[in-house]
Amino acid sequence: MRARANKSLSSKFPRSNRMYQTSVAPGILFWGGLSMTSTPTERRGKRRQRLKWYLFGPVTGLIAIAAIGYACAVLLERQVFPASTLEVLTIASVFLGSTLGGIAATKRRDASALEAGGLSGAVLAILVVLVALVAPGEGPATATCLRFVIAAVAGGAFGGALCLDRGRAKRRKKRYARR
């Protein structure tokens, strides 16, 4: 069988071209009589998409936190919620926004769901600490800032966990349950 495969290859391509590779111009490669082209923009596009997940997730999380915080502020303004729930609503908006950021990062990365979500939440937690350093008040060593950091990291990890591919494990459980 192996001899037949080699014979068919040698009949299609001459022996001199099969092993011969040369680069005619940047991005064009001749190999065995076939030309393969790849433009610099194609290469850049692939590279950009791989590197973008760790920026895309936290930015999505920040936008979601701002939107959810605005909705909570409107509800507090119209006195739907009492003013005493301000801190709880803020922590919930950080958790939900970080969850959405973790989902976005995981979907963009397509691998290591918990890692991508957790890193997205960690970037948001670092941003929370930096804002606490800059803002006048007690600083980043308070219990409230620690709650925000925990909510950001836990929300990002939760978002990553929501994107786990559990289909194979569920199918395996169903298969063993039938027996």
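In the predicted model, helix α5 passes helix α6 in a right-handed crossing. Helix α5 spans residues 86-109 and helix α6 spans residues 113-134, and the two pack at an angle of about 135 degrees with their axes 8 Å apart. Angles over 145 degrees count as roughly antiparallel; α5 and α6 are therefore oblique to each other. On the α5 side, the contact is made by S98, G101, G102, A105, T106 and R109. The α6 side contributes A113, E115, A116, G117, S120, G121 and L124. Classified by residue type, this contact of α5 with α6 comprises four nonpolar, seven polar and two charged residues.

One of the α5 residues in this contact, T106, was examined individually. T106 counts as buried because its relative accessibility is 5%, and buried means under 20%. When residues up to four places away in sequence are not counted, T106 touches A113, A116, G117, G160 and C163. Among these neighbours, A113, A116 and G117 also belong to the α6 side of the contact between α5 and α6.

Helix α6 also packs with helix α4, which covers residues 53-77. The axes of α4 and α6 come within 9 Å and cross at roughly 60 degrees, an angle that makes α4 oblique to α6. The crossing of this pair is right-handed. The residues of α4 that make the contact are W53, G57, P58, G61 and L62, and those of α6 are A116, L119, S120, V123, L124 and L127. By class, eight nonpolar and three polar residues make up the contact of α4 with α6, and no charged residues take part. On the α6 side, A116, S120 and L124 appear both in this contact and in the contact with α5.

A further pairing joins helices α4 and α5. Their axes come within 7 Å and cross at roughly 150 degrees. Because angles over 145 degrees count as roughly antiparallel, α4 is roughly antiparallel to α5. The crossing of α4 and α5 is right-handed. The contact of α4 with α5 has 14 nonpolar, eight polar and two charged residues.

Individual positions in α4 and in the loop that follows were then considered. A73 lies in helix α4 and is partly exposed, with a relative accessible area of 42%. A73 is separated from L89 by 16 residues in sequence, and the C-alpha atoms of A73 and L89 are 9.1 Å apart in space. The loop between α4 and α5 contains Q79, which is exposed, with a relative accessible area of 68%. Most residues other than glycine have a negative phi. Q79, although not a glycine, has a positive phi of about 60 degrees.

Helix α7, residues 143-162, includes G156. G156 counts as buried because its relative accessibility is 0%. With residues up to four places away in sequence left out, G156 touches S98, T99, G102, G117, G118 and G121. Among these neighbours, S98 and G102 belong to the α5 side of the contact between α5 and α6, and G117 and G121 to the α6 side. G156 and L119 are 37 residues apart in sequence, with a C-alpha to C-alpha distance of 7.3 Å. L119 is one of the α6 residues that make the contact with α4.

At the level of the whole protein chain, eight helices and three strands are present. Their order along the sequence follows the pattern α-α-β-β-β-α-α-α-α-α-α. The protein chain has 179 residues, of which 22% count as buried. T106 and G156 both count as buried. Among contacts in the protein chain with a separation of 6 or more, residues 24 or more positions apart account for 62%. The accessible surface of the protein chain comes to about 13100 Å², and 63% of this surface belongs to carbon and sulfur atoms.

Notes
Residues are numbered from 1 along each chain as its sequence is written. This is a predicted model: local features need pLDDT of at least 70, side-chain atom pairs count only at pLDDT 80 or more; totals for chains, interfaces and linings use all residues. Side-chain values use heavy atoms; hydrogens and water are left out. Axes are lines fitted to C-alpha atoms, for helices over the stretch in contact, and angles run from 0 to 180 degrees between N-to-C directions. Helices (H or I, at least four residues) and strands (E, at least two) are DSSP runs, numbered from the N terminus. Angles under 35 degrees count as roughly parallel, over 145 as roughly antiparallel, 65 to 115 as roughly perpendicular and the rest as oblique. A crossing is left-handed if the near helix is turned anticlockwise from the far one by less than a right angle, and right-handed if clockwise. Contact means heavy atoms within 4.5 Å. Ala, Val, Leu, Ile, Met, Phe, Trp, Tyr, Cys and Pro count as nonpolar, Asp, Glu, Lys and Arg as charged, and the others, Gly among them, as polar. Buried means under 20% relative accessible area, exposed over 50%, partly exposed in between (1.4 Å probe, protein chains only). Accessible areas come from the Shrake-Rupley method with a 1.4 Å probe; for residues, only the protein chains shown count as cover.
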